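Visitor: I would like to learn how to read a protein model feature by feature. Where do we begin?

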Amino acid sequence: MLSSPARLAVFVSGTGRSLENLIARAGDLPATIELVVANRPCRGEELACEAGIKTKVISGELSEAELSELARVHDLDLIVLAGYLKMIPVPGSLEGRIVNIHPALLPAFGGPGMYGNRVHEAVLESARRGEVTESGCTVHLCDAQYDTGEILIQRKCPVLPTDTPQTLAARVFEEELIAYPLALKSLIRSLPRRSAGS
Ligand code: GRF
């Protein structure tokens, strides 16, 4: 168990809505956001600056060595992906310590290219074919592929016949606002303290 607040880095590529939620819920979480990494200048990075959080823009995909070094330098316990659109490696030292949130009920509607409205469009097509009546969100650990790691929490919501990708996305996002802090809280409780230098 961690004896002090977990040190998080949040990775963003866009509007940073999940980051904003985590900043707003900071008081409920046994964690501090030490760093925000963006792969390009974006609203998420601006939000972090406004909140007084250290930010870094690193374009391109990070290598295992770069990610391990970032975790070591900032003494990170967890890396939290929040709308980060680059593939991320999972070095051995960070196994079980990189988390993502996906706006659908994995394993369905995940994988390369499935992000943003593309996910909700695919769910709506499937609903029109009578295959699904619900969507939701999934918080999961990251492994070497997109959207396939161990599932920590899922929250569901209905898909309505009148939905557009935008209305469905908004309903799913309401669940994300609850799911991410919940999942992080329980993951942080279960984390062993990293040994120095590992
Ligand atoms: C969320 O819908 C989340 O499921 C996905 O990225 C979205 C947040 O990104 N991983 P952003 O904050 O809107 O850029």
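Visitor: How many disulfides does the structure hold?

Guide: A disulfide is a covalent bond between the sulfur atoms of two cysteines. This is a predicted model, and it holds 0 disulfides.

Visitor: Why is there no bond at Cys 42?

Guide: Look at the sulfur distance. The closest cysteine sulfur to that of Cys 42 belongs to Cys 49, 9.8 Å away, so the gap is too far for a bond. A disulfide needs the two sulfur atoms within 2.5 Å. Cys 49 is in no disulfide either.

Visitor: Are these cysteines buried or exposed?

Guide: Read the relative accessible area. Buried means under 20%. Cys 42 has 10%, so Cys 42 counts as buried. Cys 49 has 44% and is partly exposed.

Visitor: Now the fold. How many helices and strands are in the chain?

Guide: Count the elements, then read their order. The chain has 5 helices and 7 strands. Starting at the N terminus, the order is β-α-β-α-β-α-β-β-α-β-β-α. The radius of gyration is 17 Å, and the globule rule gives 16 Å for 198 residues; the two are close, so the chain is as compact as a globular protein of that length.

Visitor: What box do the C-alpha atoms fill?

Guide: Along the principal axes, the box is roughly 55 × 30 × 30 Å.

Visitor: What share of the residues is buried, and what does the surface come to?

Guide: Of the 198 residues, 46% count as buried. The accessible surface is about 9500 Å². Carbon and sulfur atoms account for 52% of that surface.

Visitor: How many charged side chains are there, positive and negative?

Guide: Take the counts, then the centres. There are 20 positive and 24 negative side chains. The centres of the two sets are 3 Å apart.

Visitor: What share of contacts joins residues at least 24 apart?

Guide: Start from contacts between residues at least 6 apart in sequence. Of those, 67% join residues at least 24 apart.

Visitor: Show me one buried residue. Where does Leu 19 lie?

Guide: Leu 19 is in helix H1, residues 17-24. Its relative accessible area is 0%, so Leu 19 is buried. Set aside neighbours within four places in sequence, and Leu 19 is in contact with Val 10, Val 12, Ile 33, Val 36, Gly 44, Leu 47, Ala 48 and Ala 82. Take Ile 33: it is 14 residues from Leu 19 along the chain, and their C-alpha atoms are 9.4 Å apart.

Visitor: And which strand holds His 140?

Guide: Strand E6, residues 134-141. At 1% relative accessibility, His 140 is buried. Beyond four places in sequence, its contacts include Ile 98, Asn 100, His 102, Leu 106, Asp 147 and Leu 152.

Visitor: What is special about the bond between Leu 106 and Pro 107?

Guide: Check omega. The peptide bond joining Leu 106 and Pro 107 is cis, with omega about 10 degrees. Pro 107 sits in the loop between strand E5 (98-102) and helix H4 (117-128).

Visitor: Which residue in the loop between E5 and H4 should I check for phi?

Guide: Phe 109, found in that loop. Its phi is positive, about 60 degrees, although Phe 109 is not a glycine.

Visitor: What is phi of Asp 147?

Guide: Phi is near 65 degrees, positive in a residue other than glycine. Asp 147 lies in the loop between E6 and strand E7 (151-158). Its relative accessibility is 12%, so Asp 147 counts as buried. Recall that Asp 147 is in contact with His 140.

How values were computed
Residues numbered from 1 in each chain as written. Predicted model: local features only at pLDDT ≥ 70, side-chain atom pairs only at ≥ 80, totals over all residues. Heavy atoms only, no water. Helix = DSSP H or I, 4+ residues; strand = E, 2+ residues; numbered from the N terminus. Rg over C-alpha atoms; globule rule 2.2 N^0.38 Å. Buried < 20%, exposed > 50% of the residue type's maximum accessible area, 1.4 Å probe, protein only. Contact = heavy atoms within 4.5 Å. Areas by Shrake-Rupley, 256 points an atom, 1.4 Å probe, with all protein chains shown as cover. Lys, Arg positive; Asp, Glu negative; His and termini not counted. Charge placed at Lys NZ, Arg CZ, Asp CG, Glu CD.
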